[in-house]
Amino acid sequence: MSENNKIWFNGALREHADCMVHVQAHALHYGSSVFEGIRAYDTPEGTQVFRLTDHLKRLQYSADVYRLPVPWSAQELHQACRDTVRASGLASAYIRPLVSRGDCGLGVLPKDMNVVDVSIIVIPWGAYLGEDGLKNGIRACITSWNRLAPNTMPPGVKAGGNYLSSQLIGLEARDRGFDEGIGLGRDGLLSEGAGENIFIVQQGRLLTPPASASILNGITRSSVIQLAMDMGIETTEQSIAREQLYAADEIFMTGTAAEVTPVRQVDHMTIGNGGCGPLTRQIQDAFFGLFSGQTPDRHNWLEPL
């Protein structure tokens, strides 16, 4: 991140060096933060933010679950995100709103519930899993780490602490020479990647684990399901066994960072044609077509600055 970029911090655009939190901040010690990852794209109509309103709704939901008071309204944060993108000078950008507990004491339960910092960071960010991975597919593995069990921590909330699980999954995959890791649920069924939802293609239809499979119910995931529906591609949310990955015709991962990334290999087993399969390419074309103007924005997902 360039230090010339402005950061929106606690109500105003500030210089990079002026956006500091205290070493006693509750979020540093106990993971008490919630956040979003949002992309702005350079489109024929200028820079537009993808599903900004939906992301901010989920941010508020996440904050509500952890009793984090957000001092600014959704409308104010919406404007702040747009202002920060404009201030960055970037035509395409990754936007990171973050709500975190500040210096409110070292107890697990904060002494003052209202000590909260809110920041919005804007940076350039290309393909999360690499340009080659986006085009030709990545290599993934099932790791020994399971995703969060139901009724332990809420996996449907985008909280900073949840990503300790993601780090363990991703670190094991990297140590074993893979690009990304996949976690199973406590029941041994497919959950999600370290930072992505998973779809498999089977006989011309899409299958993906349900929200109850300890996944983050991703906004890109829901977008892909809707785009598939628009194209007449059947999509089913259902439990998926590990071995179904190996027998899949195609596999791809979705997420704000990952966008739509094919998976060419799982546990050293080649999936389909060993690259980006035809239905995955169709989904990719429809998704990225939203930003090139090739796919009509029927659902008003693009929000101008």
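A cavity is a set of grid points where a 1.4 Å probe fits but cannot get out. In this predicted model, two such cavities of 30 Å³ or more are present.

**Figure 1. Close-up of the largest cavity, with a volume of about 60 Å³.** The residues that line the largest cavity are Arg 39, Tyr 41, Phe 50, His 55, Thr 220, Gly 255, Thr 256, Glu 259 and Phe 287. Sorted by class, this lining comprises three nonpolar, four polar and two charged residues.

**Figure 2. Close-up of the second largest cavity, which holds about 40 Å³ of space.** Its lining consists of Leu 56, Leu 59, Gln 60, Val 70, Ala 74 and Leu 77. Helix 2 and helix 3 are the elements that each give two or more residues to this lining. The greatest contribution to the second largest cavity, three residues, is that of helix 2. Five residues of the lining are nonpolar and one is polar, with no charged residues.

**Figure 3. Close-up of helix 3, residues 74-88.** The helix has 15 residues, and the distance from its first C-alpha to its last is 21 Å, close to the 21 Å expected at 1.5 Å a residue. Buried positions in helix 3 are Leu 77, His 78, Ala 80, Cys 81, Arg 82, Thr 84, Val 85 and Ser 88. In an α-helix there are 3.6 residues a turn, so residues three or four places apart point the same way. Leu 77, one of the buried residues of helix 3, is also among the residues lining the second largest cavity. Just after the helix, Gly 89 adopts a positive phi of about 75°.

**Figure 4. Close-up of Arg 67, in the loop between helix 2 and helix 3.** Arg 67 is a residue other than glycine, yet its phi is positive, near 55°. With a relative accessible area of 57%, Arg 67 is exposed, because the exposed class begins over 50%.

**Figure 5. Close-up of the largest pocket, with a volume of about 720 Å³.** In total, 39 residues line the pocket, and those nearest its centre are Tyr 128, Lys 158, Tyr 163, Ala 194 and Gly 195. Two or more lining residues come from each of helix 2 (52-65), strand 6 (93-101), helix 5 (163-175), strand 10 (190-193), helix 6 (219-230) and strand 14 (250-255). Helix 5 supplies the largest share of the lining, six residues. By class, the lining of the largest pocket divides into 14 nonpolar, 14 polar and eleven charged residues.

**Figure 6. Close-up of Asp 267, in the loop between strand 15 (259-266) and strand 16 (269-270).** Although Asp 267 is not a glycine, its phi is positive, about 55°. Its relative accessibility is 16%, so Asp 267 counts as buried; the limit for that class is under 20%. A polar contact of 2.5 Å joins the side chain of Asp 267 to the side chain of Tyr 246. Not counting residues up to four places away in sequence, Asp 267 touches Ala 140, Cys 141, Ile 142, Arg 176, Phe 178, Arg 242 and Tyr 246.

**Figure 7. Close-up of Phe 178, in the loop between helix 5 and strand 9 (180-184).** Phe 178 has a relative accessible area of 6% and is therefore buried. Its C-alpha atom is separated by 6.6 Å from that of Cys 141, although these two residues are 37 residues apart along the chain. When neighbours within four places in sequence are left aside, Phe 178 is in contact with Arg 139, Ala 140, Cys 141, Ala 173, Asp 267 and His 268. Ala 140 and Cys 141 are also among the residues that Asp 267 touches.

**Figure 8. Close-up of Phe 9, in strand 1 (residues 7-9).** The relative accessible area of Phe 9 is 10%, and the residue is therefore buried. Phe 9 and Cys 19 lie ten residues apart in sequence, with a C-alpha to C-alpha distance of 6.4 Å. Leaving aside neighbours within four places in sequence, the contacts of Phe 9 are with Arg 14, Asp 18, Cys 19, Met 20, Val 21, Asp 117, Val 118 and Ser 119.

Note on methods
Residues numbered from 1 in each chain as written. Predicted model: local features only at pLDDT ≥ 70, side-chain atom pairs only at ≥ 80, totals over all residues. Heavy atoms only, no water. Helix = DSSP H or I, 4+ residues; strand = E, 2+ residues; numbered from the N terminus. Expected span 1.5 Å × (residues − 1). Buried < 20%, exposed > 50% of the residue type's maximum accessible area, 1.4 Å probe, protein only. 1 Å grid on protein atoms, 1.4 Å probe; cavity = no way out; pocket = protein on both sides within 12 Å on 5 of 7 lines; lining within 4 Å. Points joined across faces, edges and corners; volume = space filled by probe spheres on them. Nonpolar A, V, L, I, M, F, W, Y, C, P; charged D, E, K, R; others polar. Polar contact = N/O pair within 3.5 Å; in protein donor to acceptor, adjacent residues only side chain to side chain. Contact = heavy atoms within 4.5 Å.
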